[in-house]
Amino acid sequence: MSWLTFMPVALVTALGVLLGRTGLPLHPAWSARLLATVAAMAAVTTAGTLAFVAFDYGVALLPGAAARVPDRVLPDGGAVPHMLGVPAWTLSAVLVVACARLGARWAAQLRGARRASAGVLDTDDPIALAVPGRHGGVLVSRGLLAGLSGRELEVVFQHERAHLRHGHHRFLMAGMLAAAVSPVLRPLYARLELELERWADEDAAEAVADRTRVAHTIARVALARADRPEGLPAFAEAGVVQRVRALLAGPPAKNRVSGPVALTGGGLGTGVLAAAALELDRALAALSIL
Amino acid sequence: MAVRRRLGQLEAEVLAALAGAGIPVTTAELRSRLSGDPAHTTVNTILFRLLDKGLVDRVREGRGYRYRLVVDESRLVADRMRDQLRYSNDPPGVLSRFVATLSPAETRALREVLGGEPGSTGTDPS
């Protein structure tokens, strides 16, 4: 147990906070991939570190248990102080509960949306949702179908198709997990959400070969939703303005080289740190030899 | 590129193609508008599913059918049993929605972006 124990989690979290704050000058498809990778690795690293500290503390408290676990997982450093051990146990318990609730919420959402997508939602609110899964599809409302022209509907369906095609719900899961495990990573999750919408917008713009039409469709649907008398305005910025501005500006560079390079670099870097957090005792031993 | 796509993704693509076509189309015409050359039977499977949902209707023509998107308010059979309120506000989740609800500041900014732009519609259809 030394300050090095917390180095992986500190580094990955710092990277996550930085990326959440500033973003990257990359095509949204690459930004989203990188952000989701960092989010997933941050979640793993945080959980791994907590489990390591909690385990070492537990073993020190129960000498009888130490005899029954394999030698290689036993802590070889000094004892974990109560000041670290007790919070580690508490946080681990909180985490387990939070993740279980998150999983239950996802399952309920998917079940409900799959059931609802057997028909059309009965509301004037223009709604379109991508429902992932083998029997997923697009869930739309009466207001969307009746209020938009055919060419606008084409944009909406192409946008949702992009979400389904690239499995964006998995990216969202990684982001939500990171935000649940570590509240300082909430901005990372928010940025990831925005990049995924931008990615789907860019895909739709390519499919219909008309950026302006995509921008105007997004703006129309957003303003129609805002004009509804019973609709409550959102408290958080949803990034719609950024999406429309980006579409009205020119197409972004594809980053065919810098995208993969950034993703590989970020993935490898955070992957090594996550692996170190999962095998913390060995990583620390290796460091002490050096 | 023969990618085996999940039905949900193909459903979205079929809906986009029907919306873009503007006129009722046959399965063969629809297939030619889809990427990746999906099988005739696959496209029909999707169309039957959409008929079931009430999103699509068809008119007989010769031995086959022409399909189109149902957008007419009077002909849309929305299911009143479904809990649409759950989808009217924006809970964070794994369901990607087209646009989230705007904050008042965003509404103003969006109107400004659109107001400062010459021409109000997109380019001509190809």
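Read from the N terminus, chain A of this predicted model runs through its elements in the order α-α-α-α-β-β-α-α-α-α-α-α-α-α, which comes to 12 helices and 2 strands. The C-alpha trace of chain A spans about 70 × 40 × 35 Å along its principal axes, and of its 290 residues 49% count as buried. If one takes the contacts within chain A between residues at least 6 apart in sequence, 71% of them join residues that are at least 24 apart.

From chain A alone we can turn to its meeting with chain B, where 71 residues of chain A are in contact with 54 residues of chain B. Several elements of chain A each supply at least two residues to the side that touches chain B, among them helix 4 (82–116), both strand 1 (128–131) and strand 2 (137–140), and, further along the chain, helix 9 (211–226) and helix 10 (240–248). Helix 5 (142–147), helix 6 (150–165) and helix 7 (168–181) of chain A also belong to this group, and it is helix 6 that gives the largest share of that side, with 13 residues. Sorted by character, the residues with which chain A touches chain B divide into 40 nonpolar, 17 polar and 14 charged.

Strand 1 of chain A, already named as a supplier of residues to this side, also takes part in a pairing that crosses between the chains: strand 1 and strand 3 (residues 96–97) of chain B pair in the antiparallel sense over 2 bridges. To find this place in the structure, the reader can look for A:A130, which stands opposite B:S96 in strand 3 of chain B.

Terms used:
Residues numbered from 1 in each chain as written. Chains lettered and ligands numbered in written order. Predicted model: local features only at pLDDT ≥ 70, side-chain atom pairs only at ≥ 80, totals over all residues. Helix = DSSP H or I, 4+ residues; strand = E, 2+ residues; numbered from the N terminus. Buried ≥ 20, exposed ≤ 12 C-beta atoms within 10 Å, placed from the backbone. Contact = placed C-beta atoms within 7 Å. Nonpolar A, V, L, I, M, F, W, Y, C, P; charged D, E, K, R; others polar. Pairing = 2+ DSSP bridges.
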